[in-house]
Amino acid sequence: VQLQASGGGLVQPGGSLRLSCAASGTSRGIFDMAWYRRAPGKQRELVASITDGYGTNYANSVKGRFTISADNAKNTVYLHMNSLKPEDTAVYYCYVQLSSVGDVAGDEYWGQGTLITVSS
């Protein structure tokens, strides 16, 4: 399974960006798709996730500003980011977990990371 992320870049504070991440190389369903980020000097953190049968989940720091969505037909997850702040500057990673098979949890995969810089 390969994850191809796109959409990062430089944006001014208050601006918007959309990240996308397409999963290819699998015919199995996807259980969980998410975006994580790692800011300079900080640990990786969950930004938002969308889980089959469970809905969406957001970090408190992005609630009301970011929206995660998925196109299941395209195996693609999006992160719509509005009102960006300098503290949103980080490398953003997409994450996918495939559906389980019986009692065995699905494999997990990570994208290559895309840098978002929020600066004037």
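A strand here is a DSSP run of type E with at least two residues, numbered from the N terminus. S20 lies in one such run, strand β3. The model is a predicted one.

## The four-stranded sheet

Strands of a sheet pair through backbone hydrogen bonds, either parallel or antiparallel. In this model, four strands build an open sheet, in the order β1-β3-β8-β7. Their pairing is antiparallel. The edges belong to β1 (2–6) and β7 (66–71). Each of these has a single partner strand, so one side of each lacks a neighbour in the sheet. From one strand to the next, the twist averages 15°.

Look now at β3 and β8. Strand β3 covers residues 17–24 and strand β8 covers residues 76–81. Six bridges pair them in the antiparallel sense. One landmark is L17, whose bridge partner in β8 is M81.

Back to S20 in β3. Is S20 buried or exposed? Its relative accessible area is 15%, under the 20% cut-off, so S20 is buried. Beyond its neighbours within four places in sequence, S20 is in contact with Q4, A5, S6, W35, T76, V77 and Y78.

## Pairs and hairpins

Three antiparallel pairings can be set side by side.

| Strand pair | Bridges | Residues opposite each other |
|---|---|---|
| β3 (17–24) and β8 (76–81) | six bridges | L17 and M81 |
| β4 (30–38) and β5 (45–51) | six bridges | R37 and E45 |
| β5 (45–51) and β6 (55–58) | four bridges | I50 and T56 |

β4 and β5 make a hairpin, with six residues between them. In that turn, G41 has a positive phi of about 75°. β5 and β6 also make a hairpin, with three residues between them. Here the turn holds G53, with a positive phi of about 85°.

## Aromatic rings

How many aromatic pairs does a search of the whole structure find? It finds four. One of them joins F31 and Y54. Their ring centres are 6.1 Å apart and their planes meet at 80°. Planes over 60 degrees apart count as edge-to-face, so this pair is edge-to-face. F31 lies in strand β4, while Y54 lies in the loop between β5 and β6. The pair therefore ties together parts that are 23 residues apart in sequence.

The two partners can be compared with the accessibility cut-offs. F31 has 29% relative accessibility and counts as partly exposed. Y54 has 66%, which is over 50%, so Y54 counts as exposed.

Elsewhere, Y36, Y95 and W110 form one aromatic cluster. R44 lies over the face of Y36, at 5.8 Å from the ring centre. The charged end of R44 also sits over the ring of W110, 4.1 Å from its centre.

## The nonpolar core

In soluble globular proteins, nonpolar side chains tend to be buried together. The largest nonpolar core of this model has 29 residues. Which of them touch the most other members? They are W35, V47, F66, L79, M81 and Y92.

Several elements give two or more residues to this core: β1, β3, β4, β5, β7, β8, β9 (90–98) and β11 (114–118). The largest share, five residues, comes from β9.

Y92 makes a good stop for the eye. Apart from its neighbours within four places in sequence, Y92 is in contact with L19, W35, Y36, R37, V47, F66, L79, M81, G113, T114 and I116. Among these contacts, W35, V47, F66, L79 and M81 also appear in the list of core members with the most partners.

Key:
Residues numbered from 1 in each chain as written. Predicted model: local features only at pLDDT ≥ 70, side-chain atom pairs only at ≥ 80, totals over all residues. Heavy atoms only, no water. Pairing = 2+ DSSP bridges. Axes fitted to C-alpha atoms, helices over the stretch in contact; angles between N-to-C directions. Phe/Tyr/Trp six-rings, centres within 6.5 Å; stacked < 30°, edge-to-face > 60°. Buried < 20%, exposed > 50% of the residue type's maximum accessible area, 1.4 Å probe, protein only. Lys NZ or Arg CZ within 6 Å of the ring centre and 35° of its normal. Contact = heavy atoms within 4.5 Å. Core = buried A, V, L, I, M, F, W, Y, C linked by side-chain atoms within 4.5 Å.
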